[in-house]
Amino acid sequence: FDAASLQRFQKEEMVNVPVLRNLNRSDLERFHVASDSNLKTAAIRIVESAAWRGVTFPVDIRVCRIELQSGQFFQYGRDKEGNPVFYFRNMCMGPWRKDVNAVIFAILHRLEASMKRLALQKPDVRCTLVVLMGSPVSEMVSENYNQGRISKDDESIQSESTSTTRNSQRSRKSAKMKKKQVNALGSDQSSLNPFSIGANPRIDYSGEDYQVHTNFALVQRLNEVLSRHYPERLAKALIVPSSGWIKTLGTFGLRAYVSAPKTRSRVFMLGSSHDLRKYVEEDELVTFVGGRAFVPPEAFIC
């Protein structure tokens, strides 16, 4: 905003306008920038977003309880620039029930709660999004890499193999190992199981594999909703592709859904999960992308 425009939105005036009661100056600036500095367009978007929030929140978590327990989307840690990091996983343990609305509600529930908390510390906070297209890095690979027993090349071979059979076998092994570890810790400790690398430790996934929990309709709707109602919140998006040429091409296709050139310039395609260390310290990265931080129990709370 220029000085003249900002004077129109003094605190006393904002209080008398219901649509602006839950917005601060930083929110107005974000919408103004996202509207290419067009004040009229920004005003329309602000009103539409306020109306959308009024009918969307609070989310009825009864409709997305399963998705919330999957740990598909959550916030943990910060990147090297101090931006909070959000994780979104294309693959989760067990079959997907293909309820796009439920996934979107689960993501919005987690995102809105996190953004409110983070905005209290820094109103103009921006976030880093890590998108994992493939299955998680195995527990053994993560542990061995952290202790220096395997190299980057070994990690790539083991965690990003093009063999679907090998991936399935590793997923089943991981599930069995996880069950033994949860039993060893005891039922009281299962919800805080530090060995969980991407599946709810309170759910028995024995015999289950990691399966795709998204489709293009979901990605398209998410992009539209987040771009419309959370403008200028993205610092950067780090996409870790899955193995195989078809899946990799699908990963690059994600950028086609980002229409704004400014936002598209913040989307980075990485070679492997190892490249995340250029942006996030290992101690801040969660284990299922090869870091040292345990997945927080909050990732599975509904």
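**Exercise 1. How many salt bridges does the rule give here?**

Start with the ground rules. This is a predicted model, where local features need pLDDT of at least 70 and side-chain atom pairs count only at pLDDT 80 or more, while totals for chains, interfaces and linings use all residues. Residues are numbered from 1 along each chain as its sequence is written, and side-chain values use heavy atoms, leaving out hydrogens and water.

Next, the criterion: a salt bridge needs a side-chain nitrogen of Lys or Arg within 4 Å of a carboxyl oxygen of Asp or Glu. Apply that and you get 14 salt bridges.

**Exercise 2. Place the pair arginine 30 and aspartate 27.**

Distance first: their closest N and O atoms are 2.8 Å apart, so the pair is a salt bridge. Now the location: both sit in helix H3 (residues 25-34), and because they are three residues apart there, about one helical turn separates them. (Helices are DSSP runs of H or I, at least four residues; strands are runs of E, at least two; numbering goes from the N terminus.) Last, accessibility: both residues are buried, meaning under 20% relative accessible area with a 1.4 Å probe, protein chains only; over 50% is exposed, and in between is partly exposed.

**Exercise 3. Is glutamate 232 buried or exposed, and what about arginine 266?**

Glutamate 232 has 12% relative accessibility, so it counts as buried. Arginine 266, at 13%, is buried too. Their side chains form a salt bridge at 3.3 Å, N to O.

**Exercise 4. Which residues share a network with Asp283?**

Begin with one contact: aspartate 283 pairs with arginine 292 at 3.6 Å. Arginine 292 is partly exposed, at 41%. Shared partners then join Arg277, Glu282, Asp283 and Arg292 into one network.
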